Amino acid sequence: MEIARSLRANPASGMGDAPLNSICAASELVDHLTLHQAALTDLRRELHACPELGYKEVQTASTIAQRLRAIGVDEIHQGIAGTGIVAVLRGEKGDGPTVGLRAELDALAMEEANEVPWRSKRSGKMHACGHDGHMAALVGAMGYLARHRQFPGKICAIFQPAEEGGAGAKAMIAEGLLERFALSSVYSIHNAPWIPFGEVVANAGPMMAAADRLEILIEGGGGHGGIPHKGTDAILAAAAVIQSVQSIVSRSIDPLDAAVVSFGGVSAGSMEQYNVLPRCVRMIGTVRTFRPEVQDLIEDLLHRTAANTASAFGARAVVKFMRRYPATINAPEKAAIALSAAERLFGAEKARKEMPPSTAGEDFSFMLQALPGAYIWLGQGTGEQSESLHSPRYDFDDRLIVPAAALFVRIAQEELAPRQA
Ligand SMILES: [Zn+2]
Ligand SMILES: [Zn+2]
């Protein structure tokens with residue numbers, strides 16, 4: 001990335017040449033965050049250099065807790081769902097609701113291909129989803145809010161483990177996150193390389209799909225490949241099942257609803273044995289949906305279609321539908337708060353209300369099932385050269401730390417003290 005390269009060439013450079021000043025309206029908030037930008041950039045790069053996988057973010061959590069302590073938050077609760085942290089800030093205006101602001105602690109199991117001074121020092125681990133940047137931004141936001149407490153209620157910074165497949169958000173909820181801190185709403189910001197730099201998207205509804213796992217076992221009697229009429233051909237039954245379940249999305253789901261059924265693996269028999277009909281076939285795949293009603297319908301139809309199709313071939317189908325991450329669905333009134341905060345900070349042209357949702361999945365969906373809130377994309381796209389999330393050449397763009405921190409702050413203020421914001 002051209003811009004990223006210029007930043008890397010001069011890691012100590014401030015925000016003077018970056019588009020922050022052009023995307024953030026001048027304010028005391030932006031001045032404050034800009035003052036701390038170099039320290040937040042250092043923190044982001046320190047976290048980037050030492051990535052840790054889900055539920056093993058021990059050093060990351062300890063670095064974050066240390067920074068929060070230095071900021072002077074009122075309470076720090078560590079060890080929630082293993083490595084999770086909640087930091088609490090009380091406002092000076094008495095009782096009120098509690099807003100949760102969330103960032104992720106974990107990195108991915110992959111090798112970094114970047115050659116930057118802050119490149120991962122841990123072989124086979126990398127911050128390729130920008131969670132390092134989200135953490136730095138949330139620390140920056142808490143630093144400002146700790147010194148500007150003219151709000152009622154509380155603000156909780158939530159640093160969760162294991163977003164990348166480990167359902168850390170669900171694990172924190174299971175350990176009492178929502179009740180213990182009496183959260184009334186929750187927000188998360190994720191960088192988005194496919195969206196132009198500095199643009200903010202918060203749909204009044206689905207942001208990401210439910211990502212479920214599908215397993216189908218086809219059981220037949222097996223038999224001799226040369227004498228098929230005396231046995232049961234599980235492979236033929238499985239082939240028919242693969243074909244017939246594709247009719248679920250095309251024939252039974254409203255064309256205006258998006259859904260995906262994909263098989264990712266099929267396993268049967270032995271490549272050493274050409275003349276045996278195997279007894280069973282195992283298939284795995286994924287189902288993506290945006291509405292719970294569509295998810296329920298597809299699960300039902302998978303059971304029915306697979307069982308009836310297999311039965312026509314004298315075989316039996318056992319379907320396992322494992323609900324992994326639900327759809328990430330924003331509460332419209334909370335998406336409106338996020339966009340209003342973005343508009344005031346960056347201008348109306350940067351706040352985009354709607355964008356087609358992504359068929360990727362996100363465990364913030366568990367928090368949004370339990371509480372009203374919003375998942376927000378903050379664009380870091382700089383043209384065709386922007387590396388996608390989870391690419392070995394991806395790197396969080398440090399110029400986004402201050403805008404992301406400012407957005408967290410303004411959202412919390414609009415939630416708790418709209419007039420002051
Ligand atoms: Zn990711
Ligand atoms: Zn991510």
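## The main core

In this predicted model, the largest nonpolar core has 65 residues, and the ones touching the most other members are I64, L68, M142, I155, F159, I376 and L407. The top contributor is helix α13, spanning residues 401-416, which puts 11 residues into this core. That fits a familiar pattern: in soluble globular proteins, nonpolar side chains tend to be buried together.

Take I155 as a way in. Once you set aside its neighbours within four places in sequence, what is I155 in contact with? The list runs A87, V88, L89, V99, L101, M142, L145, A412 and L416. M142 also belongs to the group that touches the most other core members.

## A second core

There's another core, lying apart from the main one, and it has 29 residues. Among them are A81, M172, I195 and W377.

## Two alanines with positive phi

Most residues other than glycine have a negative phi. A81 goes the other way: its phi is positive, about 55°, although it is not a glycine. You'll find A81 in the loop between β1 (75-80) and β2 (84-90). Is A81 buried or exposed? Its relative accessibility is 6%, so A81 counts as buried, the cut-off being under 20%.

A167 is the other case to look at, with a positive phi near 50° in a residue other than glycine. A167 sits in the loop that links β4 (154-160) and α7 (168-174). With a relative accessibility of 16%, A167 also counts as buried.

How values were computed: Residues numbered from 1 in each chain as written. Chains lettered and ligands numbered in written order. Predicted model: local features only at pLDDT ≥ 70, side-chain atom pairs only at ≥ 80, totals over all residues. Heavy atoms only, no water. Core = buried A, V, L, I, M, F, W, Y, C linked by side-chain atoms within 4.5 Å. Buried < 20%, exposed > 50% of the residue type's maximum accessible area, 1.4 Å probe, protein only. Helix = DSSP H or I, 4+ residues; strand = E, 2+ residues; numbered from the N terminus. Contact = heavy atoms within 4.5 Å.
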